[in-house]
Amino acid sequence: METKILRLNPDHFDPKKLKEAANIIQNGDIVGFPTETVYGLGGSIYSDDAIKKIFQAKGRPMDNPLIVHISSMEMLKDLVLEIPENVQKICEHYWPGPLTILFRKSPIVADSVTAGLPTVAIRMPSHPIAKSFIEVAGVPIAAPSANSSGRPSPTTAEHVYHDLHGKIPYIIDGGKTNFGVESTVIDVHRNPPMILRPGGMNYEDLVSFIPNLQIYEKSISDSELEKHPSTPGLKYTHYSPNAYLILIEFNEMKSSDLSILSSMRHKLEKLHLKYIKMGKKVGIIHTHSGIQLSAQIINHSQTEIYPLGAQLNPDQSNQDVIDNFGQVAQGLFSAMRNLDELGVEIILVEGISEKYEGLAVMNRLRKAASEIIEIKKR
Ligand code: TXA
Ligand code: MG
């Protein structure tokens with residue numbers, strides 16, 4: 001199968017150009033398209049064929065449910081049994097945007113979409129192309145991220161093409177996505193309401209309107225939720241580069257100060273040396289690019305460095321440093337993919353603090369990691 005690509009400028013495009021992609025959706029086939037978080041692989045929720053094709057193209061386990069994308073509150077009504085008043089307010093406050101909300105599903109939503117769950121995950125994307133695309137198609141669009149299952153999510157159309165060309169008929173190329181990590185998934189029907197997956201919408205932004213919001217904590221391995229997951233996606237390996245990724249993190253990543261950073265940096269340099277001596281090609285995702293790596297690392301021929309824009313002020317001591325969380329999130333999956341392309345065997349990453357987008361970044365890094373090294377406070 002040939003995979004056709006349509007390039008559009010998200011800030012300036014003619015919605016008529018989306019007719020061809022919309023026809024594909026209406027005929028029960030699937031399309032890769034940009035959203036503000038990551039690229040999605042979309043199909044009509046009313047087509048069993050399309051839903052099957054989504055799972056097949058990605059190689060996705062059938063028990064991992066899909067997110068349904070809508071372009072209006074009208075569309076929402078058909079999909080759910082009820083919209084409690086508090087949930088209605090949350091939708092109005094945060095949509096369109098990178099927030100996915102669980103609802104009790106109506107019979108219209110096929111079991112194949114929700115993997116048999118009584119709930120359906122829904123979001124209204126803010127990306128202009130995604131919005132228009134759903135409107136022109138005229139149906140809610142079920143879409144997981146448009147990567148091969150287990151690979152880092154795609155933040156460019158090239159990433160989608162790399163994973164899925166020959167398996168899908170069409171990709172809409174809207175350039176790089178804004179957030180770079182997937183949407184935040186929340187369950188606001190339960191008490192207290194809970195973030196099931198941190199993502200593009202920050203906890204800090206959500207808690208201002210949903211005061212008792214909890215975060216479903218990261219340690220999935222020993223939890224009841226993992227055995228009976230309410231987000232089934234939690235039980236699968238995710239976001240992994242081919243390289244062996246080592247995450248160096250501090251045991252209390254809530255705050256970062258320079259002494260923590262220098263301990264992490266020390267560890268990173270030791271590991272770099274160890275793997276270089278073993279003859280490995282080493283990649284570094286440089287999350288604190290405001291603080292230079294040592295000349296020994298920078299000048300090493302067997303080392304590839306991928307800088308992400310966290311700016312640190314080296315004059316600040318013992319206070320919070322300003323991580324540029326948004327930039328780290330935006331570039332994270334690209335960094336993993338690029339280092340794979342360069343053939344690195346080991347990837348070293350320093351963790352960042354779990355504030356703002358840092359929460360989603362650390363969640364993805366922990367899932368991507370083959371090994372996590374915790375630095376203890378001295
Ligand atoms: O930003 C995003 O959310 C992107 C774009 C394309 O919208 N989509 C995305 O989809 O990341 P996916 O399939 O890669 O991740 C969806 C997550 C999975 O962890 C899945 O288990 C969870 O949402 N999910 C879907 N339906 C659910 C449900 N009914 N209950 C609990 N979790 C659900
Ligand atoms: Mg995904």
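**A walk through the cores, sheets and helices**

Let me begin with one side chain in the interior: leaving aside residues up to four places away in sequence, Phe103 touches Leu76, Val80, Glu82, Ile83, Val87, Cys91, Trp95, Pro118, Thr119, Val120, Ile122 and His189. Please keep in mind throughout that this is a predicted model. Phe103 belongs to the largest nonpolar core, which has 64 residues, and it is listed with Trp95, Ile101, Ile122 and Ile172 as having the most contacts inside that core. Apart from this core lies another, of 25 residues, and among them are Val181, Leu245, Leu308 and Val349.

Stepping back to the whole chain, we have 378 residues, of which 58% are buried, and the secondary structure comprises 13 helices and 16 strands. If we take the contacts between residues at least 6 apart in sequence, 69% of them join residues at least 24 apart. The chain exposes about 16000 Å², and carbon and sulfur atoms supply 50% of that area.

Now to the strands. Strand S9, residues 184–187, pairs with strand S10, residues 194–197, in the antiparallel sense over three bridges, and the two form a hairpin with six residues between them. Within that pairing, Val185 stands opposite Arg197. S10 is also joined by two bridges to strand S11, residues 214–215, and here the strands run parallel, with Ile195 standing opposite Ile215.

Elsewhere, five strands form an open sheet with parallel pairing, in the order S14-S13-S15-S12-S16. Its edge strands are S14, at 303–307, and S16, at 371–375, each of which pairs on one side only. On average, and with direction ignored, neighbouring strands of this sheet are turned by 20 degrees against each other. To take one pair from it, S13, residues 282–286, and S14 are linked by five bridges in the parallel sense, and Ile284 has Ile305 in S14 as its bridge partner.

Which helices go with these strands? Helix H10, residues 258–277, lies across S12, S13, S14, S15 and S16, and it runs at about 155 degrees to S12. Helix H12, residues 325–341, packs on the sheet as well, where it touches S12, S13, S14 and S15, and its direction makes about 165 degrees with that of S14.

I will finish with helix H13, residues 358–368, which is largely enclosed by the rest of the structure, because eleven of its eleven residues are buried. Those buried residues include Leu359, Val361, Met362 and Leu365, but also Asn363, Arg364, Arg366 and Lys367.

Technical notes: Residues are numbered from 1 along each chain as its sequence is written. Chains are lettered from A and ligands numbered from 1 in the order in which they are written. This is a predicted model: local features need pLDDT of at least 70, side-chain atom pairs count only at pLDDT 80 or more; totals for chains, interfaces and linings use all residues. Side-chain values use heavy atoms; hydrogens and water are left out. Helices (H or I, at least four residues) and strands (E, at least two) are DSSP runs, numbered from the N terminus. Buried means under 20% relative accessible area, exposed over 50%, partly exposed in between (1.4 Å probe, protein chains only). Contact means heavy atoms within 4.5 Å. Accessible areas come from the Shrake-Rupley method with a 1.4 Å probe; for residues, only the protein chains shown count as cover. A nonpolar core is a set of buried Ala, Val, Leu, Ile, Met, Phe, Trp, Tyr and Cys residues joined through side-chain atoms within 4.5 Å. Two strands pair if DSSP finds at least two bridges between them. Axes are lines fitted to C-alpha atoms, for helices over the stretch in contact, and angles run from 0 to 180 degrees between N-to-C directions.
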